[in-house]
Amino acid sequence: MALLHSARPHQPQLHGLSPRAAIPGGSFEVVGAHLMQMTNDGPQLPMAFFGDTPATLDLARPARAMVRVPEGAISSDLVLRHGAVHSNGLHVSIGVPMAEELHLVSNPAVDAEGNLFAMVSGPRGERVPVSIFRIAADLQMSPFVHDLLNVSALAFDRDGYLYASSRAEGCVYRISREGAISTYAEGMGIATGLAFDRAGNLYVGDRSGTIFKIAPTREIFVFATLEPSMAAYHLAFRDDGVLLVTAPTTSSNQPIYAIAADGTTSVFYRGLGRPQGMAFDENSNLYVAASLHGRRGIVKISRAGDAELVVAGNDLVGLCFLEDGCAALATHTVLFHADLGIQGRELV
């Protein structure tokens, strides 16, 4: 009587994977053939490697597997092995830490020279020794601003000034290139998200339910009202002048709001879990830190409203695009550098 299965395992074949990138803790979904071997002793799980770094499997089926990225993994070829038999390799992009021991609650910001700025927000009502760090192009990190209370969002104006909101004080501060601080606006409630339009108006999200508009003359208007958020408002302008807003709650079916120039509010996209920081590429596709169909990471939403996960990462809260198709990806405590092959929109 013939054996049910050959003693020699079939060679695994990797046909494709998604998303295009991940950070440690995120998972790649792999499709192929013979990924899990069926033998007389039962199913045999493969071993997974990113280069020489072993990884664990969240799921394994003959034609599908979920491979989790371990700490210390770098961009390399993903290979599955059954003993001495191994698959073809598929190249994966994995983010590497560029700054740690932060407390990020929204996007980092990048200036015209390519310097990154990242916050240490701190517990509500508590000051931290360094509120904003500057990370140069050579990845050298240095303190930039001290003693701001609970920095919640960062944004640059066209003149190169950095603006920071404080959710505890309801203030927006303006910071020069040298780090000199002045108060730009007060009375912003629980001030969180920041964004400039092309006319130089600054928009501030008060997470208790108001979007404020501050004219260059510093006159303050109520631009729109939304449902309150349990965490923050995150703001980003489309090329057509429509303001997009995320307002994370505990729901897994949350919207991205679209606010027209007259303050009229509609829903641009619905179906995300805890959407937070946003950024645009050069083709006006939106990227948002959120969960899509139960998987956390960076979600790409096209202008037509089609969504896909492009980066897997469990704790991502924001991002900004850098030069040469790269991006800075923010978790609560770590800023990662990742090559996504995506060109960000030019700074206004």
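Which residue takes a positive phi in the hairpin of S22 and S23? The first view has the answer: Gly209, with a phi near 140°.

The views come from a predicted model, in which local features need pLDDT of at least 70 and side-chain atom pairs count only at pLDDT 80 or more, while totals for chains, interfaces and linings use all residues. Residues are numbered from 1 along each chain as its sequence is written, and side-chain values use heavy atoms, leaving out hydrogens and water.

**View 1. Strand S22 sits between strands S21 and S23.** Strands here are DSSP runs of E with at least two residues, numbered from the N terminus. Strand S22 covers residues 202–206, and 5 of its 5 residues are buried, so the rest of the structure largely encloses this strand. (Buried means under 20% relative accessible area, exposed over 50% and partly exposed in between, with a 1.4 Å probe and protein chains only.) Look at both faces of S22: Leu202, Val204 and Asp206 are buried on one side, and Tyr203 and Gly205 are buried on the other. Strand S21 (residues 191–196) runs antiparallel to S22 and is joined to it by 4 bridges. Strand S23 (residues 210–214) is also antiparallel to S22, with 5 bridges. (Two strands pair if DSSP finds at least two bridges between them.) Val204 is a handy landmark: it is the bridge partner of Leu194, and it also stands opposite Phe212 in S23. Now follow the turns. The hairpin of S21 and S22 has 5 residues between the strands, and there Gly200 takes a positive phi near 90°. The hairpin of S22 and S23 has 3 residues between its strands, and this is where Gly209 is found.

**View 2. Four strands line up in an open sheet.** Read across the sheet and you meet S17, S18, S19 and S20 in that order, with antiparallel pairing. Strands of a sheet pair through backbone hydrogen bonds, either parallel or antiparallel. S17 (151–156) and S20 (181–185) stand at the edges with a single partner strand each, so one side of each has no neighbour in the sheet. From one strand to the next, the twist averages 30°. (Axes are lines fitted to C-alpha atoms, for helices over the stretch in contact, and angles between N-to-C directions run from 0 to 180 degrees.) S19 (residues 171–175) pairs with S20 over 4 bridges, and one pair to look for is Arg174 with its bridge partner Ser182 in S20.

**View 3. Strand S8 pairs with both S3 and S7.** S8 spans residues 64–68 and is joined to S3 (residues 27–33) by 5 bridges, the two strands running antiparallel. To find this pairing, look for Ser27 opposite Arg68. S7 (residues 53–61) pairs with S8 in the antiparallel sense, over 5 bridges, with Leu59 opposite Met66. S7 and S8 form a hairpin with 2 residues between them.

**View 4. Ile132 belongs to the largest nonpolar core.** A nonpolar core is a set of buried Ala, Val, Leu, Ile, Met, Phe, Trp, Tyr and Cys residues joined through side-chain atoms within 4.5 Å. The largest one has 35 residues, and Leu116, Ile132, Leu154, Leu162 and Leu335 touch the most other members. Strand S14 (residues 116–119) gives the most to this core, with 4 residues. Apart from it lies another core, of 34 residues, including Phe50, Ala73, Leu90 and Ile301.

**View 5. His337 meets residues from elsewhere in the sequence.** His337 is found in strand S35 (residues 335–339) and is partly exposed, with a relative accessible area of 28%. His337 and Val96 are 241 residues apart in sequence, yet 5.4 Å apart in space, C-alpha to C-alpha. Leaving out residues up to four places away in sequence, His337 touches Ile94, Gly95, Val96, Met98, Leu322, Cys326 and Ala327. (Contact means heavy atoms within 4.5 Å.) Cys326 itself is buried, at 11% relative accessibility. Its sulfur is 11 Å from the closest cysteine sulfur, in Cys320, which is too far for a bond. The structure holds 0 disulfides, a disulfide being a pair of cysteine sulfur atoms within 2.5 Å.

**View 6. The side chain of Gln254 reaches the backbone of Ala247.** Gln254 is found in strand S27 (residues 254–259) and counts as buried, at 3% relative accessibility. Its side chain reaches the backbone oxygen of Ala247 at 3.0 Å. Beyond its neighbours within four places in sequence, Gln254 is in contact with several residues, among them Pro248, Tyr269, Arg270 and Pro275.

Note on methods
A polar contact is a pair of N or O atoms within 3.5 Å; within protein, one must be able to donate a hydrogen and the other to accept it, and residues adjacent in sequence count only if both atoms are side-chain atoms.
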